[in-house]
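Trainee: I am new to this structure. Please take me through its aromatic pairs and its core.

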Amino acid sequence: MTTPALIRSRGTLADLLSGRSNGIGLIRLCLAVGVVLSHSKPLGFGAADLGYSLTGRQTNVGTMAVYGFFVLSGLLITRSARRTGLIRYAWHRALRILPGLWVCLLITALVIAPLVALREHGTTDGYFDNPGEPGGPLAYLRGNWWTGVEQYGIHDLFIQSTPWGRKTSTSVFNGALWSLKYEMFCYVVVGVLAATAVLRHARRFVLVLTVALYLSILQDWVATGQISGPASTAGWTFDAPLVGPMSFHYIVYLGFLFALGATFDLYRERVPISDVLGIGAAVALGLSLLVGGFFVIGLPAFAYLLVWLSVRLPRQVHWVGRKNDYSYGIYIYGFIFQQLMASLGWNRWGYVPFAAMSVAVAFVAAFLSWKLVEQPALRLKDWTPGFVARRSAQRVPVEQQTAVAEEPPASPPVQVGGPTEELPQQSATLVPGR
């Protein structure tokens with residue numbers, strides 16, 4: 001008798017997620033669209049994010065999408081860090097995040113915001129007066145340039161013309177950028193772990209760190225004294241260089257998900273891909289959202305579900321995101337244009353039309369961002385400064401001559417241990433996290 005296909009393990013993560021044929025591109029695209037759909041309610045109508053009430057105030061569709069991004073980023077970024085040097089790793093991460101962000105900020109401060117000022121005040125007079133003062137466009141650029149959001153708005157724009165502005169009495173142009181500094185923080189941590197050889201020779205440290213972060217989340221949940229409801233949040237923050245205030249709460253929660261994704265990669269030969277586990281994770285996630293316990297049951301279940309889907313989604317959709325990744329552009333531009341459309345009154349037709357228009361406009365912006373900014377930037381990933389390339393070219397022949405001169409006479413090979421360690425597989429460039 002054979003084991004039923006549903007119960008039988010299909011292999012390990014190492015066996016089934018070793019190349020570029022996977023469903024991660026489609027998953028990340030759906031997560032980005034989920035953020036836009038979720039934001040359509042508060043930005044268009046001043047209501048709570050999509051799914052907030054349905055989940056017993058535990059989470060919402062947009063926040064869950066961010067959680068998913070961190071799981072997949074932990075998986076992919078750790079894989080990248082293991083296969084590249086520290087400088088090359090940092091270069092790749094900067095190319096993926098910063099050019100798209102910088103152009104987005106420049107368009108916001110120098111194009112969109114002046115047009116909003118013209119519409120709301122009938123003139124742009126005063127917009128560029130003292131631009132470096134708090135609230136000015138230059139201060140907006142300077143405060144947000146390195147992924148930290150130290151200024152959300154510009155002057156008084158959008159306060160009276162949008163539902164979100166009227167609800168909060170604040171000017172907000174791009175609230176979606178809040179998570180980027182936490183992702184950059186995770187990138188830095190992974191870089192340190194790679195530079196200290198922890199990822200290659202002490203992977204248990206990452207596993208212990210993941211468990212420690214989970215225990216902190218468990219303690220938070222127990223401290224609330226209730227099964228459902230929002231997580232208790234740590235009340236203290238600290239100022240990090242360049243990015244400003246960092247919340248300990250988000251470092252723990254987002255850091256746990258990123259570390260869990262990293263653990264999946266580091267222990268990939270021990271992570272089974274099973275349909276029973278995948279379906280069980282989906283059921284556990286659904287029950288935790290409806291009944292309670294999302295943070296201690298739903299988060300790990302959601303993480304495994306994403307990994308399982310990455311492998312089990314049909315091959316016909318594996319092409320999504322392989323050559324053109326629009327998810328980052330949708331994420332960073334969706335909020336801006338939703339605020340703009342709400343200020344123009346495009347929300348008067350109701351949630352569904354407003355959400356559909358928001359997704360369509362975000363796709364157009366993401367397409368332009370990818371074609372004109374992100375993709376050209378990523379073509380520089382293998383760039384090496386000229387003086388470094390020249391030094392390397394001069395050094396190689398000398399090293400080769402020395403090796404030949406010092407090579408001893410040929411002798412039969414002697415086996416002193418087990419079989420020769422297999423060389424690392426050539427890195428297949430997977431699309432990194434946001």
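Trainee: How many aromatic pairs does a search of the whole structure find?

Mentor: This is a predicted model, where local features need pLDDT of at least 70, side-chain atom pairs count only at pLDDT 80 or more, and totals for chains, interfaces and linings use all residues. Residues are numbered from 1 along each chain as its sequence is written, and side-chain values use heavy atoms, without hydrogens and water. Rings of Phe, Tyr and Trp (its six-membered ring) pair if their centres lie within 6.5 Å; planes under 30 degrees apart are stacked, over 60 edge-to-face, and the rest tilted. On that basis the search of the whole structure gives 19 aromatic pairs.

Trainee: Tyr214 and Phe256 form one such pair; what is the angle between the planes?

Mentor: Tyr214 belongs to helix H9 and Phe256 to helix H10, 42 residues apart (helices are DSSP runs of H or I, at least four residues, numbered from the N terminus). The centres are 5.6 Å apart and the pair counts as tilted, with the planes at 40°.

Trainee: Is Phe256 buried or exposed?

Mentor: Buried means under 20% relative accessible area, exposed over 50%, and partly exposed in between (1.4 Å probe, protein chains only). Tyr214, at 23%, is partly exposed. Phe256 has a relative accessible area of 3%, so Phe256 is buried.

Trainee: Which helix gives the most to the largest nonpolar core?

Mentor: A nonpolar core is a set of buried Ala, Val, Leu, Ile, Met, Phe, Trp, Tyr and Cys residues joined through side-chain atoms within 4.5 Å. The largest has 105 residues, of which Leu13, Phe264, Leu299 and Ile330 touch the most other members. With 13 residues, the helix that gives the most to this core is H12.

Key. Helices (H or I, at least four residues) and strands (E, at least two) are DSSP runs, numbered from the N terminus.
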